[in-house]
Amino acid sequence: MAAFGVAASLSGCLGYEGVINRGAVVDTRKVMQVKPGMAAPQVMQLLGTPSTTSTIGGDAWYYVSQRVERSLAFMPQSITDQHVLAVYFDKSRKVTRVADYGMEDGKPVDFLSRTTPVAGPEYHLIQALLSKVPF
């Protein structure tokens with residue numbers, strides 16, 4: 001009976017496919033309907049609320065999606081696909097162009113990170129303390 005209990009509890013791990021889709025799920029048919037000159041409210045009606053926006057160097061909406069897979073529940077995961085759909089607007093909030101960036105166009109986005117990368121060397125506590133000690 002104990003062997004049956006162990007086999008039943010492990011059977012969930014053996015059939016685990018571990019495919020996780022994160023972020024925006026954008027229908028390609030709807031993306032094809034977004035044309036230059038279209039107003040921002042119309043884009044939002046078609047594609048929904050963007051994952052993030054940018055106002056640096058113009059106005060853009062970004063729809064970020066990612067596919068993560070792992071073979072077993074306890075194994076590390078790997079990013080197998082990632083897309084950033086960018087919709088660029090002019091000053092009057094009309095679409096100027098639409099771009100789809102894949103993994104080959106940049107580096108993977110870490111959805112779960114709670115840290116912000118900074119430029120320059122990374123100092124640790126002991127290094128910081130020793131740098132204050134005069135020799």
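## Close-up views of the predicted model

**View 1. Helix H3 is followed by Gly48, whose phi is positive, near 90 degrees.** Welcome to a predicted model, in which local features need pLDDT of at least 70, side-chain atom pairs count only at pLDDT 80 or more, and totals for chains, interfaces and linings use all residues. Residues are numbered from 1 along each chain as its sequence is written, and side-chain values use heavy atoms, leaving out hydrogens and water. Helices (H or I, at least four residues) and strands (E, at least two) are DSSP runs, numbered from the N terminus.

**View 2. Helix H3, residues 40–47, has a buried side and an exposed face.** Ala40, Val43, Leu46 and Leu47 are the residues to find here, and they are buried (under 20% relative accessible area; exposed is over 50% and partly exposed in between, with a 1.4 Å probe and protein chains only). These four residues sit on the same side of H3 because they cover an arc of only 120 degrees around the axis, taken from the directions from the helix axis to the C-beta atoms. Turn to the face directed away from that buried side, and you meet the exposed residues Pro41 and Gln45. What do the buried residues of H3 pack against? Their partners are H2, E3, E4 and strand E5 (95–102), with contact meaning heavy atoms within 4.5 Å.

**View 3. Val95 is found in strand E5.** Val95 has 3% relative accessibility, so this residue counts as buried. Leaving aside residues up to four places away in sequence, Val95 touches Val34, Lys35, Pro36, Gly37 and Met38, together with Val43, Val87, Tyr88 and Phe89. One of these neighbours, Val43, also belongs to the buried set of H3. For a longer reach along the chain, look at Gln42: the C-alpha atoms of Val95 and Gln42 are 10.0 Å apart in space, while the two residues are 53 apart in sequence.

**View 4. Arg93 has a positive phi, near 65 degrees, in a residue other than glycine.** Most residues other than glycine have a negative phi. You will find Arg93 in the loop between E4 and E5. Its relative accessible area is 37%, so Arg93 is partly exposed.

**View 5. Asp105 lies in the loop between E5 and helix H4 (125–131).** With a relative accessible area of 45%, Asp105 is partly exposed. Follow the chain back to Val84, and the two residues are 21 apart along it, with their C-alpha atoms separated by 9.6 Å.

**View 6. Four helices and five strands make up the secondary structure of the protein.** Read along the sequence, the pattern is α-β-α-α-β-β-β-β-α. Of the 135 residues of the protein, 23% count as buried. Among contacts between residues at least 6 apart in sequence, 48% join residues at least 24 apart.

**View 7. Confidence in the protein is lowest in helix H1 and highest in H3.** The scale here is pLDDT, the predictor's confidence in each residue, from 0 to 100. H1 (residues 2–14) has a mean of 55, whereas H3 has 93. For the protein, the mean pLDDT is 77, and 70% of the residues reach 70 or more. A friendly caution applies: where pLDDT is low, the predicted coordinates should not be read in detail.
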